[in-house]
Amino acid sequence: NITADLVTAEISSSSPFVTINNPTSSYFPILPGQAGVNRSPFSITVAANCPDAEVLNFVVQIVSGEFAWSRQFSLQVEASKLKYVSYMVDDHEANFNGILDAGENAKLIINLRNESAVNASFIQATLSSTNNQLLIQVPAIDLSYIAPNEILQIPFTLDCSQITGSDTFLPLHFTASSSNGAPISIDFNLPYNYPNIIENFELNNGSFAPETGWAWGTPTQVTPPSGQKLWATNLSGSYPNLATYNLYTPAYLLSTGSVMQFKHSYAFESGYDGANVSISTNYGQSWTIILPTTSYNHNNLSGLNGEMGWTGSSSGWQNPQFNLGAYSNQTVMFRFRFGSDGANTNAGWFIDDFELSGVNQKTGYLYGIVYPSSGIDPGKATVSSGQHYSTHPDSAGNFKLFLPNGMHTVTASLAHHQSSTVNSVVINPENPTHYSEFTLIDLPEPLSLSFAVDNDTGALNIGWMAPADAVLPVTAYKVYRKFDSGEFEMVSETIAVQYQETLSLQGRYRFYVTVKYLNVEGSPSDTLNFKYPYVANPEDTVPGLVNNLGNNYPNPFNPSTSIAFSLAKPGKTSLTIYNLKGQLVTRLINGEMNQGNHSVVWNGRDTNNRSVASGMYFYRIESGDFRAVKKMLLMK
């Protein structure tokens with residue numbers, strides 16, 4: 001029943017990975033029955049060598065008058081986790097067979113995944129080889145970030161023109177490091193002048209997909225024929241009774257004369273439990289058992305519901321082969337099927353060194369331009385497929401996304417822009433490349449936030465203006481509030497251009513507003529920042545008239561478009577149009593302009609009143625010390 005006054009708090013930690021920069025904070029008086037947060041946030045720094053998933057323990061000491069309380073809390077550190085996924089060979093500019101051939105120059109695309117829930121930042125990727133005759137043109141590539149669960153494609157250019165040996169594999173060493181995670185280092189052999197697909201399952205699981213039971217890793221029951229890892233029905237102990245385990249390969253496009261083989265070792269209850277291999281030509285909708293050249297050793301196994309298969313013991317590693325001439329020029333998948341009945345169990349089935357010959361390995365790609373209507377650097381956008389393969393455009397918006405054979409959905413996205421998607425991109429040897437343009441519509445912020453607060457009643461009124469040049473319809477506004485060191489939280493969703501509330505707690509308040517465009521949230525407004533009770537302060541943010549170059553509308557356009565801008569001060573102003581080569585096209589304004597909001601129309605003509613060609617153009621404003629440039633697209 002009393003007001004808590006002069007409340008302070010202090011945090012400490014015994015963790016060697018923490019530096020506490022601001023350990024103490026105070027509170028505004030807390031009235032009876034009310035709550036408060038510390039006026040300034042505690043500030044800590046986590047050491048760069050802090051292990052992933054490390055739990056940092058803290059103690060907070062709170063003092064109010066002659067009373068004190070101690071409480072413990074903890075934070076878990078999340079580091080970025082990089083993982084090598086796979087590679088692709090791009091030899092479109094050579095003989096285009098999807099294979100790195102003798103003397104060829106080609107691109108090697110490394111697919112690198114960020115498996116964590118945080119951005120992997122400031123990536124450096126390197127590629128090297130112990131083969132001194134292999135030239136890697138740019139062996140080190142820097143990347144700004146990889147988003148969570150994103151597979152970013154890193155292209156390296158390989159020059160094989162100096163290789164004189166008859167090698168069938170090129171030894172490669174790939175490393176990647178981030179500023180907020182542990183580095184990775186991978187050694188692998190790249191097939192060279194060798195047309196077969198080979199998976200030894202050392203670096204990854206070969207993109208095989210398990211359905212119940214199957215496990216990829218290092219077994220305890222057998223020694224793999226190569227390396228340490230393989231696929232197994234179980235990596236230790238025995239398989240269970242009444243089991244049905246299926247393992248599926250990716251889809252492969254066969255050419256002619258294809259042969260599939262692998263190495264396997266098995267130990268099953270003889271005559272009852274067993275395994276076989278099937279093939280599908282319709283992406284797994286139906287399956288047909290295929291026979292190895294040496295056939296199976298049983299025709300009716302109860303564990304396989306009466307199907308034929310291998311049973312008993314292999315007595316070591318065997319190398320079954322399957323002739324696939326009947327499936328030429330078809331897309332196929334393979335299924336490794338294991339089954340057991342309700343009696344005895346055994347060690348299980350182990351598969352390694354999968355190899356497929358006569359397979360079309362051509363890699364396709366989608367290329368084109370990403371155009372943000374806001375004029376923001378398109379290099380900040382992401383182009384990604386449904387399988388999470390992704391790339392970032394260059395500063396001109398050009399991109400190339402490599403894709404395997406099949407049908408794909410590809411989306412271009414950028415923060416505070418409406419994303420753009422192209423569906424049913426079919427990559428196959430007959431049509432390996434496709435072109436697409438993505439226009440990312442800007443979702444602009446509300447303008448001219450202002451506020452008034454009555455210190456006697458606590459009445460707060462916030463107002464704003466509708467966004468300028470919005471292409472999509474505005475459906476609502478969202479108001480976000482932050483008090484002292486608390487978090488921003490949404491306090492209102494309204495169709496009005498104002499927000500009201502009554503302040504009761506004394507402290508620092510922050511507000512910003514966003515626009516809801518057809519369920520997509522736009523850019524945040526400027527942030528209001530003031531203390532209550534309110535005393536006018538030059539540091540408080542109350543946006544007024546500012547220099548701004550708006551987005552042209554419509555965009556893309558044909559033949560005319562409107563360009564809006566605002567000037568905080570009067571002065572000599574120029575507004576000019578340039579083409580992609582930096583050549584002056586026309587000058588729309590060149591003279592004194594008053595402060596305020598302005599708009600001018602460009603009719604798509606140059607200084608000689610000639611219609612200009614379709615393409616990308618820049619418009620640039622100069623007024624005093626204000627400079628700004630944006631892009632626009634003329635499409636006829």
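Me: Why is Thr249 called buried?

Reply: In this predicted model, Thr249 has a relative accessible area of 3%. A residue is called buried when this value is under 20%, and 3% meets that condition, so Thr249 is classed as buried.

Me: Where does Thr249 lie, and what does its side chain reach?

Reply: Thr249 belongs to the loop between β19 (244-248) and β20 (252-254). From there its side chain reaches the backbone nitrogen of Phe334 at 2.9 Å. The limit for a polar contact is 3.5 Å, and 2.9 Å is within it, so the pair satisfies the distance criterion. Leaving aside neighbours within four places in sequence, Thr249 is in contact with Phe208, Met333, Phe334, Phe336 and Phe354.

Me: What makes Ser280 a buried residue?

Reply: The relative accessibility of Ser280 is 1%. Since the class of buried residues takes values under 20%, Ser280 is therefore placed in it. Ser280 lies in strand β22, which covers residues 274-280.

Me: How do you know that the side chain of Ser280 makes a polar contact with the side chain of Asn282?

Reply: The distance between the two side chains is 2.8 Å. A polar contact requires N or O atoms within 3.5 Å, with one able to donate a hydrogen and the other to accept it; the pair of Ser280 and Asn282 is listed as such a contact. In addition, a polar atom of the Ser280 side chain lies 2.9 Å from the backbone oxygen of Ser286.

Me: Which residues does Ser280 touch, not counting those up to four places away in sequence?

Reply: They are Gln285, Ser286, Trp287, Thr331, Val332 and Met333. Met333 is also among the residues in contact with Thr249.

Me: How do you know how many disulfides the model contains?

Reply: A disulfide is counted when two cysteine sulfur atoms lie within 2.5 Å of each other. By this rule the count is 0. As for individual cysteines, Cys50 has a relative accessibility of 11% and counts as buried, and Cys160, at 0%, is buried too. Both values are under 20%, which means that the label applies to Cys50 and to Cys160.

Me: Why is Thr212 called exposed?

Reply: Thr212 has a relative accessibility of 56%. The class of exposed residues takes values over 50%, so Thr212 falls within it. Thr212 is placed in the loop between β16 and β17 (215-217).

Me: What is the phi value of Thr212, and what is that of Phe201?

Reply: Phi of Thr212 is near 65 degrees, a positive value in a residue other than glycine. Phe201 likewise has a positive phi, near 60 degrees, and is not a glycine. Phe201 sits in the loop between β15 (197-199) and β16 (209-211). Its relative accessible area is 1%, under the 20% limit, so Phe201 is buried, whereas Thr212 is exposed.

Me: What makes the peptide bond from Tyr532 to Pro533 a cis bond?

Reply: Its omega is near 0 degrees, and the bond is accordingly described as cis. Pro533 is located in the loop between β45 (528-532) and β46 (548-549). A cis peptide bond also joins Asn558 and Pro559, with omega about -5 degrees. Pro559 is in the loop between β46 and β47 (561-567).

Me: Why is Gly596 called buried, and how far is Gly596 from Tyr266 in space?

Reply: At 13% relative accessibility, Gly596 is under the 20% limit and therefore counts as buried. Gly596 is in strand β50 (residues 596-602). From C-alpha to C-alpha, Gly596 and Tyr266 are 81 Å apart in space, and they are 330 residues apart in sequence.

Me: How many cavities of 30 Å³ or more does the structure hold, and which residues line the largest cavity?

Reply: The search of the whole structure finds 2. The largest has a volume of about 70 Å³. Its lining consists of Tyr27, Phe28, Pro29, Ile30, Ala35, Gly36, Val37, Phe483, Asp484, Leu505 and Gln506. By class these residues comprise 8 nonpolar, 2 polar and 1 charged. Glycine is assigned to the polar class, so Gly36 counts as polar in this lining.

Me: What lines the second largest cavity?

Reply: The second largest cavity, with a volume of about 60 Å³, is lined by Ser373, Asp442, Pro444, Asp469, Val471, Asn551, Asn552, Tyr553 and Asn555. This lining has 3 nonpolar, 4 polar and 2 charged residues. Asp belongs to the charged class, so Asp442 and Asp469 count as charged.

How values were computed: Residues are numbered from 1 along each chain as its sequence is written. This is a predicted model: local features need pLDDT of at least 70, side-chain atom pairs count only at pLDDT 80 or more; totals for chains, interfaces and linings use all residues. Side-chain values use heavy atoms; hydrogens and water are left out. On a 1 Å grid over the protein atoms alone, a cavity is a set of points where a 1.4 Å probe fits but cannot get out, and a pocket is an open set with protein on both sides within 12 Å along at least five of seven lines; lining residues have an atom within 4 Å of a point. Grid points are joined across faces, edges and corners, and a volume is the space filled by probe spheres set on the points. Helices (H or I, at least four residues) and strands (E, at least two) are DSSP runs, numbered from the N terminus. Buried means under 20% relative accessible area, exposed over 50%, partly exposed in between (1.4 Å probe, protein chains only). Contact means heavy atoms within 4.5 Å.
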